Amino acid sequence: MKDTEAHLKDVYAADGDTGALKQSYDGWARDYDGDMSRWGYRHPAMIAGLMGRHAPDPAAIVLDAGCGTGVLGETLAVLGYDQVDGIDLSEGMLQIAGSKGCYRHLRQQMLGAELDFANDTYDAIISSGVMTPGHAPASCLHELARIVRPGGHMIVTITEAAYTESYAAVITQLIAADILSPADESRKYVGLPGAPAAERLLARVHVLRRI
Ligand SMILES: C[S@@+](CC[C@H](N)C(=O)[O-])C[C@H]1O[C@@H](n2cnc3c(N)ncnc32)[C@H](O)[C@@H]1O
């Protein structure tokens, strides 16, 4: 059995190879929740806080992009949100998410490719721990912006490494094109404070409003 550090090394070693990344998360799925909780995983709490500020209506139709095992869905269900869909590339992670009963629909879909949803489908799109090096490419923001409704919000964690490398440029483009406007931003924080130093990546939650 792999320990948490080995799983985390595997997912970062995939380095943009989607097949390897999917395999790593499939293999981590059963232990993921316990491992993340031991390391004090903070992204879901940050997203939940900003949902309360920008998408407070529990009747909101929400997409959890890269929902994994559904840690965020569980949190939102406790807060009364019961129209939350999830997508992820890993079937193993989706299976655990499905077992929790807190998502309306779960589908295997790839961020960075075309998404199988109509324009303006969601009131809010949330994503926790997915916009980080070697995971969802920054280009996924174009499709996410297409499927969130005008006036809706994207509330997403982005590690500082991914932001500098690629996300900042795409966000700047979408703002310049009058598709998104910056609505809020958290301070910097470490997503996994209990992890070994090399894995303690700084992140922020970015809130972008669809124009
Ligand atoms: C660190 S986990 C976060 C899972 C969940 N959001 C959470 O906060 O616990 C990253 C998740 O992103 C998914 N993922 C990575 N790249 C993806 C992509 N391009 N498209 C869809 N899902 C992706 C992985 O399968 C994994 O479930």
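Angles under 35 degrees between two axes count as roughly parallel, over 145 as roughly antiparallel, 65 to 115 as roughly perpendicular, and the rest as oblique. Keep that scale in mind as we walk through this structure, which is a predicted model.

Let's start with the whole chain. The secondary structure of the protein chain comes to 7 helices and 8 strands. Along its principal axes, the C-alpha trace spans about 45 × 35 × 30 Å. The radius of gyration of the protein chain is 16 Å, which agrees with the value near 17 Å that a compact globule of 211 residues would have.

Now turn to the helices. Two packed helices are described by the angle between their axes and the distance between the axes. Take helix α1, residues 4-13, and helix α2, residues 18-38: they pack at an angle of about 140 degrees, and their axes are 9 Å apart. On the scale above, α1 and α2 are therefore oblique to each other. The crossing in which α1 passes α2 is left-handed. If you would like to find this contact in the model, look on the α1 side for Thr4, His7, Asp10 and Val11, and on the α2 side for Leu21, Ser24, Tyr25, Trp28, Asp35 and Arg38. Sorted by class, the residues of this contact of α1 with α2 are 4 nonpolar, 3 polar and 3 charged.

Stay with α2 and look at its other partner here, helix α5, which covers residues 91-99. The angle between α2 and α5 is about 30 degrees, with their axes 6 Å apart. Because angles under 35 degrees count as roughly parallel, α2 and α5 are roughly parallel to each other. From α2, the residues Tyr25, Asp26 and Ala29 meet Glu91, Gly92, Met93, Gln95 and Ile96 in α5. The contact of α2 with α5 has 4 nonpolar, 2 polar and 2 charged residues. Tyr25 is worth a second look: this residue of α2 takes part in the contact with α1 and also meets α5.

Our last stop is the ligand. Which residues come nearest to the ligand? Of the 21 residues around the ligand, they are Gly66, Gly68, Leu111, Ser128 and Gly129. The elements that give two or more residues to this shell are α2, α3 (43-54), α4 (71-78) and β4 (122-131). Among these, β4 gives the most, with 3 residues. As for the character of the shell around the ligand, its residues divide into 12 nonpolar, 8 polar and 1 charged. Helix α2 thus appears at each stop of the tour: it packs with α1, it packs with α5, and it gives residues to the shell around the ligand.

Conventions
Residues numbered from 1 in each chain as written. Predicted model: local features only at pLDDT ≥ 70, side-chain atom pairs only at ≥ 80, totals over all residues. Axes fitted to C-alpha atoms, helices over the stretch in contact; angles between N-to-C directions. Helix = DSSP H or I, 4+ residues; strand = E, 2+ residues; numbered from the N terminus. Left-handed = near helix turned anticlockwise from the far one by under 90°. Contact = placed C-beta atoms within 7 Å. Nonpolar A, V, L, I, M, F, W, Y, C, P; charged D, E, K, R; others polar. Near = placed C-beta within 6 Å. Rg over C-alpha atoms; globule rule 2.2 N^0.38 Å.
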